[in-house]
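Visitor: I would like a close look at one part of this model. Please take me through a single chain, then show me how its copy sits against it.

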There are 2 protein chains.
Amino acid sequence: MRVPVERAMQVCPVEVAVSVLGGAWKLTLVKYLLEGTHRFGELGRRVPTANTKTLTRQLRELEQDGIVARKVFQQVPPKVEYSLTEWGLSLAPLVALMNEWGTAFVDSPPSSR
Amino acid sequence: MRVPVERAMQVCPVEVAVSVLGGAWKLTLVKYLLEGTHRFGELGRRVPTANTKTLTRQLRELEQDGIVARKVFQQVPPKVEYSLTEWGLSLAPLVALMNEWGTAFVDSPPSSR
DNA sequence: CAGTATCCTTCAAGATACTG
DNA sequence: CAGTATCTTGAAGGATACTG
């Protein structure tokens with residue numbers, strides 16, 4: 001985490017959001033989870049550039065921040081399901097907006113890029 | 001920048017937005033610039049936790065990404081004004097949403113925090 | 001005033017290999 | 001299947017001092 005939430009809130013609320021959601025692939029994971037529950041492996045296949053260690057880390061941080069819920073099924077082979085909490089679901093408008101903005105940005109990038 | 005834009009777009013548009021805006025204090029700077037043009041020193045006073053080097057770096061990256069415009073007045077003492085480009089202005093709804101979300105998050109954080 | 005120039009620390013992210 | 005365990009590296013961010 002670049003800036004801890006406690007410190008971010010001293011500065012500005014938007015910084016809090018960045019602190020919670022700014023990690024690599026975090027918002028992408030939220031976007032996929034908005035479609036519904038996913039297993040660990042499914043998420044890994046949808047974010048192929050992240051390896052298992054990175055993926056685990058992001059998901060644990062999101063869980064810690066109350067965005068994601070993790071449900072372990074005690075069975076062999078193991079099964080773990082990830083879903084969104086209420087706080088996670090509340091991100092839907094934000095994710096939609098960022099998705100639009102990002103799409104527009106790559107479609108017609110500023111001349112300086 | 002954690003993930004280069006070029007790589008982010010391979011994965012997901014939301015990751016592009018994170019890549020452009022995810023740096024420390026970047027979105028806060030945009031938020032202030034939405035209020036109007038600022039001089040370098042003014043921005044520094046509004047984000048007191050960032051030192052001049054960090055501030056310069058963020059502003060230059062935002063300029064490079066076409067979010068911020070930098071206008072130098074050739075005079076002594078020097079004067080530099082920062083403002084938003086069209087792309088920067090287009091972030092207004094996003095910033096507002098993140099500001100709301102961040103505020104709500106610190107007001108009633110999830111029990112896991 | 002608006003930065004540079006250095007130096008430094010930390011840590012996120014990835015590569016790779018292994019396990020209950 | 002869903003992770004750990006190690007190791008490495010790049011770069012972000014900060015502290016401090018200096019300058020046109």
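Guide: What follows is a walk through one chain and then its pairing with the second. Keep in mind that this is a predicted model.

Start with the fold. Chain A holds seven helices and three strands. Along the sequence they run α-α-α-β-α-α-β-β-α-α. Three helices thus come before the opening strand, because the order is read from the N terminus. Two helices follow that strand, then two strands in a row, then two closing helices.

Now the overall dimensions. Along the principal axes, the C-alpha atoms of chain A fill a box of roughly 55 × 35 × 25 Å. Chain A has 113 residues, and 44% of them count as buried. Here buried means under 20% relative accessible area. Take the contacts in chain A between residues at least 6 apart in sequence: 45% of these join residues at least 24 apart.

Next, the surface. The accessible surface of chain A is about 5500 Å². Carbon and sulfur atoms account for 52% of that area. Chain A carries 14 positive and 11 negative charges. The mean positions of the two sets lie 8 Å apart.

Finally, the partner. A turn of 180° with a shift of 0.0 Å along the axis lays chain B on chain A, at an RMSD of 0.0 Å. The two copies are therefore related as by a two-fold rotation axis. In chain B, Gly22(B) has the C-alpha nearest that axis, at 2.8 Å. The interface fits this picture. Of the interface residues of chain B, 100% are also interface residues in chain A, so the copies meet through the same surface.

Terms used. Residues are numbered from 1 along each chain as its sequence is written. Chains are lettered from A and ligands numbered from 1 in the order in which they are written. This is a predicted model: local features need pLDDT of at least 70, side-chain atom pairs count only at pLDDT 80 or more; totals for chains, interfaces and linings use all residues. Side-chain values use heavy atoms; hydrogens and water are left out. Helices (H or I, at least four residues) and strands (E, at least two) are DSSP runs, numbered from the N terminus. Buried means under 20% relative accessible area, exposed over 50%, partly exposed in between (1.4 Å probe, protein chains only). Contact means heavy atoms within 4.5 Å. Accessible areas come from the Shrake-Rupley method with a 1.4 Å probe; for residues, only the protein chains shown count as cover. Lys and Arg count as positive and Asp and Glu as negative; His and the chain ends are not counted. The place of a charge is taken as NZ of Lys, CZ of Arg, CG of Asp or CD of Glu. Copies are superposed by least squares on the C-alpha atoms of residues with pLDDT of at least 70 in both.
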